[in-house]
Every structure is written in structure tokens, then in C-alpha cells.
Amino acid sequence: QVQLVESGGGLVQAGGSLRLSCAASGRTFSSYAMGWFRQAPGKEREFVAAISWSGGSTYYADSVKGRFTISRDNAKNTVYLQMNSLKPEDTAVYYCALQGGYGLGVTIVEYDYWGQGTQVTVSS
């Protein structure tokens with residue numbers, strides 16, 4: 001069984017920054033790609049960013065490209081999401097997820113384990 005625990009969410013003004021963390025346990029973390037998704041009220045969960053097992057490859061949704069950076073520290077079993085230039089439309093619950101297959105998944109079904117989510121609220 002895998003446990004993923006997100007932290008680092010909060011309230012920030014537009015233009016500000018936050019860094020989310022996701023700590024993993026229960027599986028060889030360094031063997032798997034990881035992703036971040038988000039879900040705003042009344043909307044479907046959407047892909048934000050993904051990172052390969054080594055950290056050598058990353059992929060971003062167009063809406064966050066150039067503002068968000070995904071990274072990982074396999075020694076700490078942790079994946080991060082640095083969010084800069086935040087906008088009110090970034091307000092959502094952010095989830096990290098572990099991908100069981102190969103490649104960098106961008107759809108929910110490609111991920112096998114999910115954290116409980118952390119709230120990010122960006123005020124205008």
C-alpha cells in the first residue's frame with residue numbers, strides 16, 4: 001500500500017508563490033513517475049504536472065507552463081510543486097498521485113495512488 005501526504009497549501013494573494021510537498025511511503029518511490037492534479041469547485045479534476053522517476057523528464061499543462069515547476073527528491077521520497085505568479089483561477093484542491101505505468105501520464109486513470117489533497121486559494 002502507498003501513502004501520499006500533501007502539504008504546503010494555503011491562502012495567497014494573486015502574484016504570490018506557494019510550494020506544495022507530497023511525501024510518499026510504502027513503495028519504492030524512486031521507481032515511479034509522479035503527478036500533480038487539481039480540482040476546483042464544480043469542476044473535474046485536471047492534470048497540472050508530471051515528473052519521471054529520475055526527475056529527468058517533466059510535463060506541464062498549458063495553463064501552468066512557465067509558472068509552475070515540478071521536482072522530486074528521491075532520497076526524501078518527496079515530490080514538490082513550486083507555484084509562482086499565482087492567479088485566482090489556480091484556486092483548487094491540489095492532489096499528488098503516483099503512476100503505476102510507464103511514461104508521463106496526464107489522465108487520472110493512469111495514476112494508481114492519490115493523496116488526500118491540499119487547498120490552495122488565490123485571492124484577487
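The protein chain has 124 residues, for which a compact globule would have a radius of gyration near 14 Å; the chain has 13 Å, which agrees. The model is a predicted one. Along its principal axes, the C-alpha trace spans about 40 × 30 × 25 Å. The protein chain exposes about 6200 Å², and carbon and sulfur atoms supply 48% of this area. Of the 124 residues, 44% count as buried.

The secondary structure consists of eleven strands and zero helices. Read along the sequence, the pattern is therefore β-β-β-β-β-β-β-β-β-β-β. Contacts often link distant parts of the sequence: among those between residues at least 6 apart, 58% join residues at least 24 apart.

In soluble globular proteins, nonpolar side chains tend to be buried together. In the present model, the largest nonpolar core has 36 residues. The residues with the most contacts inside this core are Leu4, Trp36, Leu81, Met83 and Tyr94. Several strands each supply at least two residues of the core, namely strand 3 (18–25), strand 4 (34–39), strand 5 (46–51), strand 7 (68–73), strand 8 (78–83), strand 9 (92–99), strand 10 (111–114) and strand 11 (118–123). Leu4 illustrates how one core residue meets several parts of the chain. Leaving aside its neighbours within four places in sequence, Leu4 is in contact with Cys22, Ala23, Ala24 and Met34, with Cys96, Ala97 and Leu98, and with Tyr113, Trp114, Gly115 and Gln116.

Two of the residues in contact with Leu4, Cys22 and Cys96, are also joined to each other by a disulfide, with their sulfur atoms 1.9 Å apart. The pair links distant parts of the chain, since Cys22 lies in strand 3 and Cys96 in strand 9, 74 residues apart. The structure holds one disulfide. The torsion about the S-S bond of Cys22 and Cys96 is about 45°, so the disulfide is right-handed. Cys22 has a relative accessible area of 0% and is therefore buried. Cys96 likewise counts as buried, at 0% relative accessibility.

A charged residue was examined next. Arg38 lies in strand 4. Buried means under 20% relative accessible area, and Arg38, at 5% relative accessibility, therefore counts as buried. The side chain of Arg38 makes a polar contact of 2.9 Å with the side chain of Asp90. A polar contact of 3.5 Å joins the side chains of Arg38 and Ser63. Both Asp90 and Ser63 appear among the residues in contact with Arg38 once its neighbours within four places in sequence are left aside. The others are Glu44, Arg45, Glu46, Val48, Val64, Phe68, Glu89, Ala92, Val93 and Tyr94. Tyr94 is also one of the residues with the most contacts inside the largest nonpolar core.

Gly10 is placed in strand 2 (residues 10–13). With a relative accessible area of 24%, Gly10 is partly exposed, because the value is not under the 20% that marks a buried residue. Leaving aside its neighbours within four places in sequence, Gly10 is in contact with Leu18, Gln119, Val120 and Thr121. Gly10 and Thr121 are 111 residues apart in sequence, yet their C-alpha atoms are 6.1 Å apart in space.

Definitions and conventions. Residues are numbered from 1 along each chain as its sequence is written. This is a predicted model: local features need pLDDT of at least 70, side-chain atom pairs count only at pLDDT 80 or more; totals for chains, interfaces and linings use all residues. Side-chain values use heavy atoms; hydrogens and water are left out. Helices (H or I, at least four residues) and strands (E, at least two) are DSSP runs, numbered from the N terminus. Buried means under 20% relative accessible area, exposed over 50%, partly exposed in between (1.4 Å probe, protein chains only). Contact means heavy atoms within 4.5 Å. A nonpolar core is a set of buried Ala, Val, Leu, Ile, Met, Phe, Trp, Tyr and Cys residues joined through side-chain atoms within 4.5 Å. A polar contact is a pair of N or O atoms within 3.5 Å; within protein, one must be able to donate a hydrogen and the other to accept it, and residues adjacent in sequence count only if both atoms are side-chain atoms. The radius of gyration is taken over C-alpha atoms; the globule rule is 2.2 Å times the number of residues to the power 0.38. Accessible areas come from the Shrake-Rupley method with a 1.4 Å probe; for residues, only the protein chains shown count as cover. A disulfide is a pair of cysteine sulfur atoms within 2.5 Å.
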